Amino acid sequence: MLKSIRSDALKLVAWLVCSLIIGAALAPFLYHGCKALVQFRVLESMGAPGQWLETKLDNAHFGRYFNRSMLIGALICMFPLIRSLSLKKSHLGLRRNIHWKTDFGIGFVLASGVLLIFGIIYIELGIFEAKNSFSEKILLKFLISALAVAVIEEFLFRGLLLGAVMRTAKPFYALIFVSFFFALIHFLKPPLNCARLADQDIHYFGTGFWTVGQIFAQFDNPVFITKGFATLFAVGLVLGWARIRTSSLWLCMGLHAGWVFCVKAYDYHSLAPKKYGHDLILPYIGSDLKEGLIPFCGVLLTGALASIWLGIRKNKLQLTQNKKLPTN
């Protein structure tokens, strides 16, 4: 197994490590630099857009700047990663999908539908409470955001990275590796004790790397794993399986967009009552719709339903082809 994944997989690990180093080094400079722009009112000359940007920069805590720094580091390292992989379209194992509209639509409905049912049950049981009503503008905003996230991440993780690793590894090992990688990337967010540091506690040389250490220190806590990492790993498995099964990204993008849309809408509409505390009734239910073992099972259920649907579609296509065959 180790021999089969060492080549392209090690390049992905190197990309992650370099992104972490660049992001950790950049985060304090980005934070203090943006705060200085606000303090000296540099952006006021831009009028209303400058004032809006100043407000955003002023209200943002260190955790948000840290996340943006990690994104910058990942983008900087992305170009040499792509060059080193020497990928061509033919290497990715993707084929034209004539059922792309159906795949995307069914994926979206299944993913959002299962989560929506869980959300309704949570509210009916009093585990979550409604706080905001929806409007067409808000729902459209969530839909556009979900589509953007799904397209970008599926092209990166299931298109580029999974295709690259499958060149030197069996699909099963590649699926496990990229799913873990996917979950890990999404968990590179600072815990609360790091995200809201005071200005005087954010040092140019050290605070970013200390924050990275605090992130990885969370992995020795089983509650942290059950709160969300296991669910994200399951999401990666289902999306990777859909990509391998269909040799296409459309079903993956539909599933991904459905989950993101439902989570965003539910976070806006509902919140956990204070009587349950921050972690609610872990390990089964966390503080939002994507944490806990119940959402983990929901992701696997969605994958099973998608598999059943693909099987039904395959049987229908075979029956249609058999009817078209000439009879003697």
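Which residues are buried in helix H8 (residues 207–217)? Select that helix in this predicted model, and the buried ones turn out to be Thr207, Gly208, Thr211, Val212 and Ile215. If you turn the view so that you look down the axis of H8, these buried residues fall within an arc of 145°, so they line one face of the helix.

**The whole chain**

Next, zoom out and show the protein chain as a cartoon, where eleven helices and two strands can be traced. Followed from the N terminus on, the elements run α-α-α-α-β-α-α-α-α-α-α-β-α. The radius of gyration is 22 Å, close to the 20 Å that the globule rule gives for 328 residues, so the protein chain is as compact as a globular protein of that length. Along its principal axes, the C-alpha trace spans about 85 × 50 × 45 Å. With the chain coloured by accessibility, 43% of the 328 residues count as buried. If you draw the contacts between residues at least 6 apart in sequence, 82% of them join residues at least 24 apart.

Colouring by confidence is a useful step before any side chain is inspected: the protein chain averages a pLDDT of 83, and 90% of the residues score at least 70. Residues 1–5 should be read with that colouring in mind, for over this stretch the pLDDT is below 50, although in the model it has nine contacts beyond near neighbours in sequence.

**Salt bridges**

Now show the charged side chains, among which the structure holds two salt bridges. Begin with Asp103 and Arg313, which form a salt bridge whose closest N and O atoms are 2.4 Å apart. Asp103 lies in helix H4 (residues 100–124) and Arg313 in helix H11 (residues 293–324), so the pair ties together parts that are 210 residues apart in sequence. When the surface is switched on, Asp103 proves to be buried, and so does Arg313.

Then move to helix H5, where the side chains of Arg158 and Glu154 meet in a salt bridge, at 2.7 Å from N to O. Here the partners are both in H5 and four residues apart, about one turn of the helix. Arg158 counts as buried at 1% relative accessibility, and Glu154 is buried too, with a relative accessible area of 0%.

**Glu153 and its surroundings**

Stay in helix H5 (residues 136–165) and select Glu153, which is found there. How does Glu153 count at 17% relative accessibility, buried or exposed? It counts as buried, because 17% is under the 20% cut-off. Show what surrounds this residue, and, not counting residues up to four places away in sequence, Glu153 touches Arg158, Phe182, His186 and His256. Arg158 is thus a contact of Glu153 as well as the salt-bridge partner of Glu154. For a distance across the model, pick the C-alpha atoms of Glu153 and Ala234, which are separated by 16 Å and belong to residues 81 apart along the chain.

**Thr302 in helix H11**

Return to helix H11, this time to select Thr302. At 0% relative accessibility, Thr302 counts as buried. Which residues is Thr302 in contact with, leaving aside its neighbours within four places in sequence? The selection should bring up Leu110, Ala111, Val114, Leu255 and Trp259.

**Ser247 in a loop**

From there, go to the loop between helix H9 (222–246) and helix H10 (250–269), which is the place of Ser247. Most residues other than glycine have a negative phi. Phi of Ser247, however, is near 55°, a positive value in a residue other than glycine. With a relative accessible area of 10%, Ser247 is buried.

**The cysteines**

For the last stop, display the cysteine sulfur atoms; a search of the whole structure finds zero disulfides. Cys18 is in no disulfide, and the nearest cysteine sulfur to its own, that of Cys77, is 5.0 Å away. Cys18 counts as partly exposed at 37% relative accessibility, whereas Cys34 counts as buried at 12%.

Note on methods: Residues numbered from 1 in each chain as written. Predicted model: local features only at pLDDT ≥ 70, side-chain atom pairs only at ≥ 80, totals over all residues. Heavy atoms only, no water. Buried < 20%, exposed > 50% of the residue type's maximum accessible area, 1.4 Å probe, protein only. Arc of directions from axis to C-beta. Contact = heavy atoms within 4.5 Å. pLDDT = per-residue confidence, 0-100. Disulfide = S-S within 2.5 Å. Salt bridge = Lys/Arg side-chain N within 4 Å of Asp/Glu carboxyl O. Rg over C-alpha atoms; globule rule 2.2 N^0.38 Å.
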